Amino acid sequence: MSRLTARLALSCAISLVLSAPLAQAQTTSQPSPAPVPAPRSVPSSFADLANRLLPSVVNVSTSAVLKPGKDEDKGPDSSSPAGPQVPQFPPGSPLEKFFHDYMTHKPAPNRPPRRMQALGSGFILDPAGIIVTNNHVIEGADQVSVTLQDGTELPARIVGRDSQVDLAVLEVKPKHPLPAVPLGHSDAARIGDWVVAIGNPFGLNGTVTAGIISSRGRNVEHGLYDDYIQTDAAINRGNSGGPLFNLSGEVIGINTLIYGGAGGDSIGIGFAIPADDARGIIYQLRKTGHVSRGWMGLKFQNVSYEIAEDLDFHKPDGTVGKGALVSEVGSKSPAAQAGLQVGDIITRVGDQDVTGQTMPRIIASILPGTKTELTVWHKGSTKTVPITLAQSPNAPDMPPSDTHQPAHTKAAFGELGLTVRSIDAEMRTQYALTDDQRGVLVDRVEPSSPATSRGIAVGNVITQVGQDQIDTPDAFAKAIHQAQEQKKTEVLLLVQDDDGLRWVPVPFLGN
């Protein structure tokens, strides 16, 4: 033991001994201090908790076709790991061209598309087969499957997805109810609380790691809701979409981001979407397949200490105020109609205090058309401003249409002279269709048929029959039969080809 260590240890011991009589004497003249709640004990083992939670965590496997010319360097979890350094060669030399082509994976002319596999994690939210994961785990996938802890593999349908918050909801059809876990209240979690992460890093199914909440409300400039839970529980590639549990077995976060090396290794800094932020998003995805967000039509920034001091913006108790400082108000926007001005500071939305960091998620969680009130600091005084939120101008993310193929994938219609089929991965590749393309694909057109006479060709996509949107051959057949029952002589089809969408009236055979 060094002299310094010994001196510190001795001084601590002496201070404890000397302070004891003093503390005893003070009890006779002063009231006892308020009792301090005993801290929760450090768990001796996470085994029982892990054993209970493991069956609720799943492996999410996706398959996608990489088309020539697309970015093929993305790794699992849509990461772009830094590759090795390219040596320098004389400009224009054969070696320079060779290494450039090799390092950038330059596709050969007419090279056929190839299929990419990726793995992620997810958790069962509903025993009926509802699973939550990250959007970036399933983004661009044309096939998604889920593997349970017991090895059962089930095809999954993408119910809905949202890229702005990076969440997705999947559905499987199990033979028996699945072990589900509840969403907890992340707002009640504190820095220093124990947490357990379960997922499939690098494809290693059912990996359990433990740590603490290192921080909350982290802004890492990633996505709409920069309000992440930071944890030191080991999170690696493949953990994305997996749950972050509290010691009660509730999901308080969805693991999403890591700070790591080029290989995606954990360095003890991981980030999870708070459950209280995800709850409303998951509800909308389950209900409608996409997210509708409220919109005010203004730009703002967080009120820093310096800004508050410069504007003399303080709370009634004299402390520095907090809020969102308006920097721009869009013309004819809900904010403009409500009378908001540049320089105003929004301190509350409804009954919730806001800052420049928290206001995006609070506003986005309010449905368009909803009336609410803003508490606004305006040039030294506070006022209440009523506002009706509009629909966000950003188009929502729609789920792919072919992750769960219908029972009948083809249907022939002699009265029109064509055969249609559902859109699957092979058809998307063959006809260069996007992953969110809706409708049915024209698979065959009979010569001298009504469809031929109106210019419909193989490879066209029919998206609507009259005012009815259709996604399956059965839905197309139902719409055609309804038109026939109404004694119509022709049917109006919305057809998509290389030139875009066009309405095509197609007569029934014999008319």
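In this predicted model, the side chain of threonine 231 comes to 2.9 Å from the backbone oxygen of isoleucine 212. Threonine 231 belongs to strand β10, which spans residues 228-231. Its relative accessible area is 0%, and because buried means under 20%, threonine 231 is counted as buried. Beyond the residues up to four places away in sequence, the contacts of threonine 231 are Val195, Ile212, Ser214, Leu244, Gly268, Ile269 and Gly270. Ile212 thus appears both in this list and as the partner of the 2.9 Å approach.

A wider look at the interior brings in the nonpolar cores. The largest nonpolar core holds 29 residues, and those touching the most other members are Phe123, Leu167, Leu183, Ile198, Phe245, Ile273 and Ile282. Two or more residues each come from α2 (47-53), β2 (114-126), β3 (130-133), β7 (167-171), β8 (194-199), β12 (251-260), β13 (266-274) and α5 (275-288). Helix α5 gives the most to this core, with five residues.

Isoleucine 198 offers a handy view of the surroundings of one core member. Outside its neighbours within four places in sequence, isoleucine 198 contacts Leu53, Leu54, Val57, Thr207, Val208, Asn239, Gly242, Pro243 and Phe245. A second core, separate from the largest one, has 24 residues, among them Ala411, Val445, Ala451 and Ile470.

For the protein as a whole, 11 helices and 28 strands are found, and 42% of the 511 residues count as buried. Among contacts with a separation of 6 or more, 63% join residues 24 or more positions apart. The exposed surface amounts to about 27,200 Å², with carbon and sulfur atoms supplying 54% of it.

Technical notes
Residues are numbered from 1 along each chain as its sequence is written. This is a predicted model: local features need pLDDT of at least 70, side-chain atom pairs count only at pLDDT 80 or more; totals for chains, interfaces and linings use all residues. Side-chain values use heavy atoms; hydrogens and water are left out. Helices (H or I, at least four residues) and strands (E, at least two) are DSSP runs, numbered from the N terminus. Buried means under 20% relative accessible area, exposed over 50%, partly exposed in between (1.4 Å probe, protein chains only). Contact means heavy atoms within 4.5 Å. Accessible areas come from the Shrake-Rupley method with a 1.4 Å probe; for residues, only the protein chains shown count as cover. A polar contact is a pair of N or O atoms within 3.5 Å; within protein, one must be able to donate a hydrogen and the other to accept it, and residues adjacent in sequence count only if both atoms are side-chain atoms. A nonpolar core is a set of buried Ala, Val, Leu, Ile, Met, Phe, Trp, Tyr and Cys residues joined through side-chain atoms within 4.5 Å.
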